[in-house]
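Colleague: I'm new to this, and I keep reading labels without knowing what earns them. Could we go through some of them together?

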Amino acid sequence: MGWAQLLADGETVARYWSHVLRRGPDDCWWWTGGLTDTAHGTFRAGSHTTATSRVVPAHLFGFRLAHGPDSIPAGHVVRHTCDEPPCQQPRHWLLGTRGDNNRDAAARRRLAGHALADVRGAVGRARAVQAAIAAADGPEEIEAAIAAALDAGNPSGALQNPLF
């Protein structure tokens with residue numbers, strides 16, 4: 001089953017959105033489903049009953065959902081400008097090459113308090129946020145829970161804003 005068919009499948013699209021915690025227009029939209037070892041979201045697209053099921057990276061599904069099935073040219077990747085691999089916020093995605101993505105990470109991974117400098121690593125950070133979301137007592141507590149989970153990965157409390 002190709003991307004166009006997966007994106008046209010209402011059950012698959014609904015399942016995708018059921019794993020996305022949509023927040024403010026500039027905030028990360030956290031993936032609450034399965035994670036890869038690089039902290040990217042993953043989920044089953046298609047249907048077991050029609051033998052069209054396959055596991056896909058959530059951000060690639062989301063990018064194509066927002067921009068069309070053929071929106072990722074060969075040789076390009078979807079970069080997260082927020083450096084949060086589980087983020088599903090379309091405003092945080094940017095196409096580029098793998099080299100662009102590697103240069104982004106190299107430029108920001110040493111910034112104190114930055115997502116890439118989290119002492120737990122990307123997967124530990126993502127799992128901590130997912131656990132905080134799941135444990136929050138209602139929508140009014142989710143933002144504080146997310147903030148606390150993110151802060152826990154920066155025990156020094158130091159923060160350095162990007163220079164660019």
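What follows is a chat about why certain labels are used for parts of this predicted model.

Colleague: Let's start with helices. Why are H5 and H6 called roughly antiparallel?

Modeller: Look at the angle. The axes of H5 (residues 121–135) and H6 (residues 139–151) cross at roughly 155 degrees. Angles over 145 count as roughly antiparallel, so H5 and H6 get that label. Their axes also come within 8 Å, and the crossing is right-handed.

Colleague: Which residues make the contact between H5 and H6?

Modeller: On the H5 side you have Arg125, Ala128, Val129, Ala132 and Ile133, and on the H6 side Ala145, Ile146, Ala149 and Leu150. Sorted by class, that contact has eight nonpolar residues, one charged and no polar.

Colleague: What makes one of them count as charged?

Modeller: Arg belongs to the charged class, and Arg125 is on the H5 list.

Colleague: Okay, stay with Arg125. How do you know whether Arg125 is buried or exposed?

Modeller: Check its relative accessible area, which is 8%. Buried means under 20%, so Arg125 is buried. Arg125 sits in helix H5.

Colleague: What does the side chain of Arg125 make a polar contact with?

Modeller: With the side chain of Glu84, at 2.8 Å. A polar contact needs a pair of N or O atoms within 3.5 Å, and 2.8 Å fits that distance limit. Leaving out residues up to four places away in sequence, Arg125 touches Glu84, Ala115, Asp118, Arg120 and Leu150.

Colleague: Back to helix pairs. Why are H2 and H3 called oblique?

Modeller: Their axes cross at roughly 120 degrees. Roughly perpendicular covers 65 to 115, and roughly antiparallel takes angles over 145. The angle of H2 and H3 fits neither range, so the pair is oblique. H2 covers residues 10–18 and H3 residues 58–67, and their axes come within 11 Å. This crossing is left-handed.

Colleague: Which residues do H2 and H3 use for their contact?

Modeller: H2 brings Thr12, Val13, Tyr16 and Trp17, while H3 brings Ala58, Phe61, Gly62 and Leu65. They divide into six nonpolar, two polar and no charged.

Colleague: What makes two of them polar?

Modeller: Gly counts as polar in this scheme, and Gly62 is on the list. Thr is outside the nonpolar and charged sets, so it goes with the polar ones too, and Thr12 is on the list as well.

Colleague: Now the loops. What is the phi of Ala39?

Modeller: About 75 degrees, a positive value although Ala39 is not a glycine. Ala39 is in the loop between strands S3 (34–35) and S4 (41–45). With 0% relative accessibility against a limit of under 20%, Ala39 counts as buried.

Colleague: And where is Asp83 found?

Modeller: In the loop between strands S6 (77–80) and S7 (93–96). Asp83 has a positive phi near 60 degrees and is a residue other than glycine. Its relative accessible area is 10%, and buried means under 20%, so Asp83 is buried.

Colleague: Last one: why does Ala122 count as partly exposed?

Modeller: Its value is 37%. That lies between the 20% limit for buried and the 50% limit for exposed, so partly exposed is the right label. Ala122 is in helix H5 and touches Thr38, Ala39 and Pro85, not counting residues up to four places away in sequence.

Conventions:
Residues numbered from 1 in each chain as written. Predicted model: local features only at pLDDT ≥ 70, side-chain atom pairs only at ≥ 80, totals over all residues. Heavy atoms only, no water. Axes fitted to C-alpha atoms, helices over the stretch in contact; angles between N-to-C directions. Helix = DSSP H or I, 4+ residues; strand = E, 2+ residues; numbered from the N terminus. Parallel < 35°, antiparallel > 145°, perpendicular 65-115°, else oblique. Left-handed = near helix turned anticlockwise from the far one by under 90°. Contact = heavy atoms within 4.5 Å. Buried < 20%, exposed > 50% of the residue type's maximum accessible area, 1.4 Å probe, protein only. Polar contact = N/O pair within 3.5 Å; in protein donor to acceptor, adjacent residues only side chain to side chain.
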